[in-house]
Each structure stands twice: as structure tokens, then as C-alpha cells.
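Visitor: I should like to learn how to read the features of a model such as this one. May we go through it step by step?

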Amino acid sequence: MLQPAFEKEHQLETFSDNSKAENLLKISQAKIYYDQIDRCYYTQTFDEIHLVEKKQFSSEKEFYNTALHELIHWTGHNSREGRTFGKKKGDKEYAREELVAEIGSYLLCKELDIDFEPNQQNVSYVKH
């Protein structure tokens, strides 16, 4: 999932981990890398989640909303659920996968007591 550029004035000074969410990310055994500058995404080719550093998010809930969205994409890999991801933004399979990720991350956030707040990128995905 591509994110708008993360601007320095919106970065967190400190970050409070949600222990339930951190445990879920850990036990998933997903390969998660905090190696991006301005975007977050899941790559099916390498079966990896790539995120910006936690402190670059404007809030903890924004981080967990994003991380859990990408984790739901991760569950669709051929070695797990084998969902069809689509080839480009706007095709039916792509839109379906984004809807699955949005609903899945919403449900996980509710289960983990994290406020779910879709950002503009999420809304545009669902519109497709």
C-alpha cells in the first residue's frame, strides 16, 4: 500500500507499542522490514512487508492500521490463502484484495482495541 510522503512535522516523538498487536505481528512470522522512506507495502513476489519506521507515523493507530492492512495482504500469499491479487490498480482482483485488506484490518483493529481510522489512501482503494 502506497502512503503519502511522511513529513517530519507529523512524526511521533515517542511510540507506544500495543502489546497485543505487536504479539500478533510477531507470531504471524511475516517478514516485516522497516526500510522505507515514504511508503508501506506488501510484495507478493518476495512475500515481505515493507514499512517506514514507526516514529514516522502521525499516531500509533495509524501505524497499526497500516501494518495490519499489509498483514492481511500477507495472508493472501499462495503459501497461505492463495488469493488473487490483481495485476494493476483498478482491476477487479486488485479492488477485491484491497477490500479484503481493509475489512480484515478493521476487524483486527477492533479485536486488538485499536481505533480504526481509514486514511485517504484506504478510501481510494475501496472506491475501486
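Visitor: Which residues are exposed on the other side of α1?

Guide: The model is a predicted one. Exposure is read from relative accessible area, with over 50% counting as exposed and under 20% as buried. On that side of α1, the exposed residues are Ser19, Lys26 and Ile27.

Visitor: What are the buried residues of α1?

Guide: They are Ala21, Glu22, Leu25 and Ser28. These residues span an arc of only 130 degrees around the axis, which puts them on the same side of α1. The cover over the buried residues of α1 includes β1 and α2.

Visitor: How should the two ends of this helix be read?

Guide: One looks at side-chain contacts and backbone angles there. At the start of α1, a side-chain oxygen of Asn18 comes to within 3.0 Å of the backbone nitrogen of Lys20. Just after α1, Gln29 adopts a positive phi of about 65 degrees.

Visitor: In what order do the strands of the open sheet lie?

Guide: The sheet has three strands in the order β1-β3-β2, and the pairing is mixed. β1 (31-36) and β2 (41-43) are at the edges with a single partner strand each, so one side of each lacks a neighbour in the sheet. Neighbouring strands are turned by 30 degrees against each other on average, direction ignored.

Visitor: In which sense do β2 and β3 pair, and over how many bridges?

Guide: Strand β3 (residues 48-52) pairs with β2 in the antiparallel sense, over three bridges. Within this pairing, Thr43 has Glu48 in β3 as its bridge partner.

Visitor: Which helix lies across β1, β2 and β3?

Guide: That is helix α2 (residues 60-75), which runs at about 165 degrees to β3.

Visitor: Is His69 in helix α2 buried or exposed?

Guide: His69, which is found in helix α2, has a relative accessibility of 0% and therefore counts as buried. The side chain of His69 makes a polar contact with that of Glu102, at 2.7 Å. A further spatial relation involves Tyr106: its C-alpha atom is separated by 8.2 Å from that of His69, although the two residues are 37 residues apart along the chain.

Visitor: How many salt bridges does the structure hold?

Guide: There are eight. In reading each one, it helps to ask which parts of the chain the two residues belong to. Among them is the pair of Lys54 and Asp17, whose side chains meet at 3.1 Å, N to O. Lys54 lies in the loop between β3 and α2 and Asp17 in the segment before α1 (19-28), so this pair ties together parts that are 37 residues apart in sequence.

Visitor: With which other residue does Lys54 form a salt bridge?

Guide: The partner is Glu22, with the closest N and O atoms 2.9 Å apart. Glu22 is in helix α1, so this pair ties together parts 32 residues apart in sequence. Asp17, Glu22 and Lys54 are thus linked in a network of salt bridges. Regarding accessibility, Lys54 is buried, at 18% relative accessible area, whereas Asp17 is partly exposed, at 48%.

Visitor: Which residue forms a salt bridge with Glu97?

Guide: The residue is Arg83, with the closest N and O atoms 2.6 Å apart. This pair links distant parts of the chain, 14 residues apart: Glu97 is in helix α3 (residues 92-111) and Arg83 in the loop between α2 and α3. Both Glu97 and Arg83 are buried.

Conventions:
Residues numbered from 1 in each chain as written. Predicted model: local features only at pLDDT ≥ 70, side-chain atom pairs only at ≥ 80, totals over all residues. Heavy atoms only, no water. Pairing = 2+ DSSP bridges. Helix = DSSP H or I, 4+ residues; strand = E, 2+ residues; numbered from the N terminus. Axes fitted to C-alpha atoms, helices over the stretch in contact; angles between N-to-C directions. Contact = heavy atoms within 4.5 Å. Salt bridge = Lys/Arg side-chain N within 4 Å of Asp/Glu carboxyl O. Buried < 20%, exposed > 50% of the residue type's maximum accessible area, 1.4 Å probe, protein only. Polar contact = N/O pair within 3.5 Å; in protein donor to acceptor, adjacent residues only side chain to side chain. Arc of directions from axis to C-beta.
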